[in-house]
Amino acid sequence: MKKLTLFLLLISFGAYAQQKKISPAHKKVIIVLSYDDALNSQLNIAIPQLDSANFKGTFFVCGNMNQDNIEKWRAVSKKGNELANHTLYHPCLSTDGKGEPANNSANYTVYTIMREVSSMNNFLFALDQRKDRSFAFPCSETTVGGISYLDSLRKSGLIKYARIGGDQNSIITDYASIDPLQVPSWGVVGKVTADDLVDFVKKVQKNGGIGIFMFHGIGGDYLTTPAANHKKLLNYLVQHKEEIWVTTFGEAMDYAMKNK
Ligand SMILES: [Zn+2]
């Protein structure tokens with residue numbers, strides 16, 4: 001009798017455990033590694049690190065890149081990484097590029113930004129022949145000249161998913177409420193340690209859902225994440241690869257939209 005009770009207990013515990021396992025699809029742990037502005041340190045440091053970990057990232061590139069790098073970015077795409085639209089000239093209100101008034105988004109109109117997004121799509125199509133395109137708002141600003149271009153972007157059909165900024169708590173757990181054109185990420189800036197990077201992943205592991213890193217320089221350039229910290233993050237992801245799906249922004253969003 002005692003054995004039977006134990007048996008039943010085990011069965012019911014098994015059922016409970018299984019029930020707990022059958023969780024919403026968004027409990028899958030997804031990490032996206034994204035890199036902005038087509039920087040040399042990404043080509044020289046981030047990509048070799050990604051290659052050796054066998055991970056694919058998303059690179060939000062601008063059109064005003066060094067011509068010598070065009071074939072390098074094509075090769076990055078051929079490896080399975082995602083090349084995404086970050087406009088031609090990175091118009092921004094807060095930083096104003098390198099002091100160039102032509103790149104100040106205050107001087108833009110919805111027409112000029114949309115024209116730029118469209119031309120950058122063509123540039124990227126010439127590089128990788130892909131039609132579905134992701135986008136990241138320069139400086140995470142969704143306005144130009146004080147006017148939002150979100151609706152125009154949405155109606156244009158040029159962009160499938162768009163990324164904005166956010167902080168260390170910007171984890172996506174509710175897929176039903178995501179606006180595919182305003183997907184938050186953690187903009188990694190300032191003094192961020194390797195532990196901070198890993199803690200962000202741990203937070204996603206705890207809550208489920210999608211965590212998106214927004215990096216700039218890796219071991220160089222600006223808004224720099226030290227190469228060793230980036231490597232430690234990748235090592236952690238490799239160690240937990242059974243549990244964590246590291247994928248591109250476009251693929252993560254395809255998954256989220258299908259599993260709302
Ligand atoms: Zn940028």
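Val189, Tyr222 and Leu223 together form a nonpolar surface patch of about 260 Å². Such a patch joins nonpolar side chains within 5 Å, from residues with over 30% relative accessible area and no salt bridge, that is, no side-chain nitrogen of Lys or Arg within 4 Å of a carboxyl oxygen of Asp or Glu. Areas follow the Shrake-Rupley method with a 1.4 Å probe.

The model is predicted: local features need pLDDT of at least 70, side-chain atom pairs count only at pLDDT 80 or more, and totals for chains, interfaces and linings use all residues. Residues are numbered from 1 along each chain, and side-chain values use heavy atoms, without hydrogens or water.

Leucine 223 sits in the loop between β10 (209-215) and α7 (227-239); helices (H or I, at least four residues) and strands (E, at least two) are DSSP runs. Its relative accessibility of 40% makes leucine 223 partly exposed, a class lying between buried, under 20%, and exposed, over 50%.

I turn to the metal site. Asp37 (OD), His86 (NE2) and His90 (NE2) coordinate the zinc ion at 2.0 to 2.2 Å, donors being N, O and S atoms within 2.8 Å of the metal; water is not among the atoms, so the site may look incomplete. Aspartate 37 is buried at 14% relative accessible area, and histidine 86 is buried at 1%.

Finally, the interior. The largest nonpolar core has 39 residues, and Phe59 and Trp73 are among those touching the most other members; a core joins buried Ala, Val, Leu, Ile, Met, Phe, Trp, Tyr and Cys residues through side-chain atoms within 4.5 Å. A second, separate core of 18 residues includes Ala84 and Tyr161.

Technical notes
Patch = residues over 30% accessible without salt bridge, like charges linked within 9 Å, V, L, I, M, F, W, Y side chains within 5 Å. Buried < 20%, exposed > 50% of the residue type's maximum accessible area, 1.4 Å probe, protein only. Donors = N, O, S within 2.8 Å, 3.2 Å for Na, K, Ca; no water.
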